Amino acid sequence: MAELIKLPNGVRVITCHVDTVETTAFAISTQTGSRHENESNQGIAHFMEHIMAGKTRDGVLLSKIMDDIGWWSNAATWKHQTAYYGKGLADGFAKAFEVIAHQFLGGWFPDEEVEKERKVIFEEIGLCHDDNSRWLGRNSFQTSYPDQPFGRQALGTKETVTAITAQDMSGFWQKNYHPENTLISIAGKFDRDKAVDLAQRLFGGWSNPNTPEIPVPAVYKGGVWKEKRDQLTQAEVILSMQGVPYIDPDYLPLALGSSVLGGGGNSRLNKIIREDNRLVYYIGSGTSNFSDTGMFEIDFTTSLENLEKVLKLSCQLARDLPGSLTKEEIDNVKLKFKRRTFETLESISSVCWWYHDQVVRYGKIITPQEKYLQYQAITAEQVDAAFRKMLGSKLTYSIIGPEMKEPDYAAVCGWLGS
């Protein structure tokens, strides 16, 4: 059973003890990410994460410490948060947690490590640019949310990363790493009382008089992004529309409708475009949800000769979904959600992240079973209403490929009925 407590200084701790495993997983996160940056320091949250998850103050690699106790650890930066997490044998939990906690609370950024890691960030930026799918996704998102922190990517740019200093990192850490926006999640085999005492000992005396940055609200705008790459033989496309925040009543209905449309081999997009017409190898749709906005996307890769056909069919299938859902489709998608619910419960890392994300989103414990019951109650009418609302938003049309005569924006909007 998962429990949520709040330390006197505001740090929240989630514990979920599981008797049937021999491992433990945990995550320590700050609700600070790329959307808390400004135009000049783009990439600083991610850059800091690299430094903090690399070496200890004594210059020892975290990976070496974790290997020695049967653990692994990693870190990641998103738009809304930065997390440091790990998993391993239960008897190494206290050691692993203490090491990561010291890194999280240290706020130290040696000049020599910053300069070394800057080169790694440049490599990662280059990797993103050379990966067509990642580059397309990055620019599609930026086109949907232009000229604002939410639309920028966590990596930053080579120019902004070049300008970031160790002093900048220290200032950003002091401003934004704060007890009130820190969340700890622990799942698996561990002593609950000892784990809470450990969290209290390491985090309980931490205070910060600063007020964290308040992120600029996201404003969806939509538009067109295209890039020519002569070395490609196919076109990659993303069609995006404005979705909803995860607190919106349409959140789950839109996710259900998206799954019917393009959520797997039995979806409409896959059956009609791939199986019936053999126009693509992969096509799918999905939703992403944030505190104040959301996205719906259809993505695919296809040959130039099939591009117009795939675009037209994709738009028509999305446009025609409201009012045409069958009971069999809805039941199948709900059954798929049920399977994923049980899969979550069977993985300690997934359990850890499940409760972490529910508390970040809703401020309370919500079990996978409770979420499944919410999903089970969705009706076709709710899906229809959510999809019609989404289809009324402005389209973002993003494409990368060789020289081609692709359908223009107005044509695609016409097929979509937007």
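Here are legends for a handful of views of this predicted model, starting with the whole protein and then moving in on single residues.

Residues are numbered from 1 along each chain as its sequence is written, and side-chain values use heavy atoms, with hydrogens and water left out. Because the model is predicted, local features need pLDDT of at least 70 and side-chain atom pairs count only at pLDDT 80 or more, while totals for chains, interfaces and linings use all residues.

**View 1. The whole protein, with its 16 helices and eleven strands.** Helices (H or I, at least four residues) and strands (E, at least two) are DSSP runs, numbered from the N terminus. Measuring along the principal axes, you'd need a box of roughly 60 × 50 × 35 Å for the C-alpha atoms. The radius of gyration is 23 Å, which agrees with the value near 22 Å for a compact globule of 418 residues; it is taken over C-alpha atoms, and the globule rule is 2.2 Å times the number of residues to the power 0.38. Of the 418 residues, 54% count as buried (buried means under 20% relative accessible area, exposed over 50%, partly exposed in between, with a 1.4 Å probe and protein chains only). Take the contacts (heavy atoms within 4.5 Å) with a separation of 6 or more: 80% of them come from residues 24 or more positions apart.

**View 2. S34, tucked into a loop and buried.** You'll find S34 between β3 (23-30) and α1 (44-52), with a relative accessible area of just 2%. What does S34 touch, once residues up to four places away in sequence are set aside? The list is A45, T77, W78, K79, P149, R152 and A154. Pick out P149: along the chain S34 and P149 are 115 residues apart, yet their C-alpha atoms are 6.9 Å apart in space.

**View 3. D147, an exposed loop residue.** D147 sits between α5 (132-144) and α6 (158-163). Its phi is positive, about 55°, although D147 is not a glycine. Is D147 buried or exposed? It's exposed, because its relative accessible area is 77%.

**View 4. R278, another residue with a positive phi.** For R278 the angle is near 55°, and this residue isn't glycine either. R278 belongs to the loop between α10 (268-276) and β9 (283-289). With a relative accessible area of 58%, R278 counts as exposed.

**View 5. N289, a buried residue in strand β9.** The relative accessibility of N289 is 11%, so it counts as buried. Look for a polar atom of the N289 side chain: the backbone oxygen of V244 lies 2.9 Å from it. That fits a polar contact, a pair of N or O atoms within 3.5 Å; within protein, one must be able to donate a hydrogen and the other to accept it, and residues adjacent in sequence count only if both atoms are side-chain atoms. Beyond four places in sequence, N289 touches V244, P245, Y246, Y251, G294 and R361.

**View 6. Q358, buried in helix α13.** This helix covers residues 348-362, and Q358 has 5% relative accessibility. Which residues is Q358 in contact with, leaving aside neighbours within four places in sequence? They are G363, K364, I366 and K371. If you also show M52, you'll see its C-alpha 25 Å from that of Q358, with their positions 306 residues apart in sequence.
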